[in-house]
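Colleague: I have a chain on my screen and would like to go through it with you. Could we take the fold and then the charged side chains?

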Amino acid sequence: MEAIIKLRKSNLMGDGICIYEDQYGNSVFMKKEDSKDSGEEFVAKLRFKDKSIKAKPITVTVPVKDDEMGTMLHIDYLEGEKAGDEIDSAIDMFTKVMQRWINLMYDIAMLRAPSSGEADAKARLEKLSKYEELSDFIGILMKN
């Protein structure tokens, strides 16, 4: 089951939090945090509409290490294992949002690299403008 994902809350440039929701009411909470090392870090938490299903949060540091094997989503079923479109959709949404944020962090990091001029800087901002999470911020920068 493919999730239909909606950005419900977007305050990435403020408190670093975005919340996404699928068609079943499951949500993904994302929070950008200060990285202990160089790079960016975020925490992702899948929240099922069915409160008897819990998922442990996952922390991702970007850049992702070349030797990193990935991580597993740990799900606890408090009332016995369940299956269905609602659960498949939640997991699909979580996977897509995590990948989106990894790409987003790499694209934000581009802003720190030396620019080869105004055209390069504009191209970088246009690339970031594809992210709904940054639309307010990019809109302000593009007007100047």
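Modeller: What follows is a short discussion of the overall fold, the salt bridges and one of the helices. Please keep in mind that this is a predicted model.

Colleague: Understood. How many helices and strands does the chain have?

Modeller: The chain has three helices and seven strands. In sequence order the pattern is β-β-β-β-β-β-β-α-α-α.

Colleague: And what box do the C-alpha atoms fill?

Modeller: Taken along the principal axes, the box is roughly 60 × 35 × 25 Å.

Colleague: What percentage of the residues is buried?

Modeller: Of the 144 residues in the chain, 34% are buried. The exposed surface of the chain comes to about 8900 Å², and carbon and sulfur atoms supply 52% of that area.

Colleague: What share of the contacts is between residues 24 or more positions apart?

Modeller: Such pairs account for 44% of the contacts with a separation of 6 or more.

Colleague: Let us turn to charge. How many positive and negative charges are there?

Modeller: There are 22 positive and 27 negative charges, and their mean positions lie 4 Å apart. Side chains of opposite charge can pair when their charged atoms come close. A search of the whole structure finds 11 salt bridges.

Colleague: Which residue pairs with Asp50?

Modeller: Asp50 forms a salt bridge with Lys82, at 2.7 Å from N to O. This pair links distant parts of the chain, 32 residues apart. Asp50 sits in the loop between β4 (40–47) and β5 (53–55), while Lys82 sits in the loop between β7 (75–77) and α1 (85–109).

Colleague: Is Asp50 buried or exposed?

Modeller: Asp50 falls in between: it is partly exposed, with a relative accessible area of 30%. Its partner Lys82 is also partly exposed, at 27%.

Colleague: What about Asp107; which side chain does it meet?

Modeller: Asp107 meets Lys127 in a salt bridge of 3.6 Å, N to O. Asp107 belongs to helix α1 and Lys127 to helix α2 (residues 118–128), so the pair ties together parts that are 20 residues apart in sequence.

Colleague: Why does Asp107 count as buried?

Modeller: Asp107 counts as buried because its relative accessibility is 8%, and buried means under 20%. Lys127, in contrast, has a relative accessible area of 36% and is partly exposed.

Colleague: Which residue does Asp120 meet in a salt bridge?

Modeller: That residue is Arg124, and the N to O distance is 3.1 Å. The two are four residues apart in helix α2, so about one helical turn separates them. Asp120 is partly exposed, with a relative accessible area of 23%, whereas Arg124 is buried, with 11%.

Colleague: Which residues of α2 are buried?

Modeller: Arg124, Leu125 and Leu128 are buried in α2. Viewed down the axis of α2, the buried residues fall within an arc of 95°, so they line one face of the helix.

Colleague: Where does Glu118 lie, and is Glu118 buried or exposed?

Modeller: Glu118 lies in helix α2. Glu118 is exposed, with a relative accessible area of 75%. Its C-alpha atom is separated by 16 Å from that of Ser129, which is 11 residues away along the chain.

Colleague: One last point. Which residues are linked with Glu2 in a network of salt bridges?

Modeller: Glu2 is linked with Asp92 and Lys96 in that network.

Technical notes. Residues are numbered from 1 along each chain as its sequence is written. This is a predicted model: local features need pLDDT of at least 70, side-chain atom pairs count only at pLDDT 80 or more; totals for chains, interfaces and linings use all residues. Side-chain values use heavy atoms; hydrogens and water are left out. A salt bridge is a side-chain nitrogen of Lys or Arg within 4 Å of a carboxyl oxygen of Asp or Glu. Buried means under 20% relative accessible area, exposed over 50%, partly exposed in between (1.4 Å probe, protein chains only). The arc is that of the directions from the helix axis to the C-beta atoms. Contact means heavy atoms within 4.5 Å. Accessible areas come from the Shrake-Rupley method with a 1.4 Å probe; for residues, only the protein chains shown count as cover. Lys and Arg count as positive and Asp and Glu as negative; His and the chain ends are not counted. The place of a charge is taken as NZ of Lys, CZ of Arg, CG of Asp or CD of Glu.
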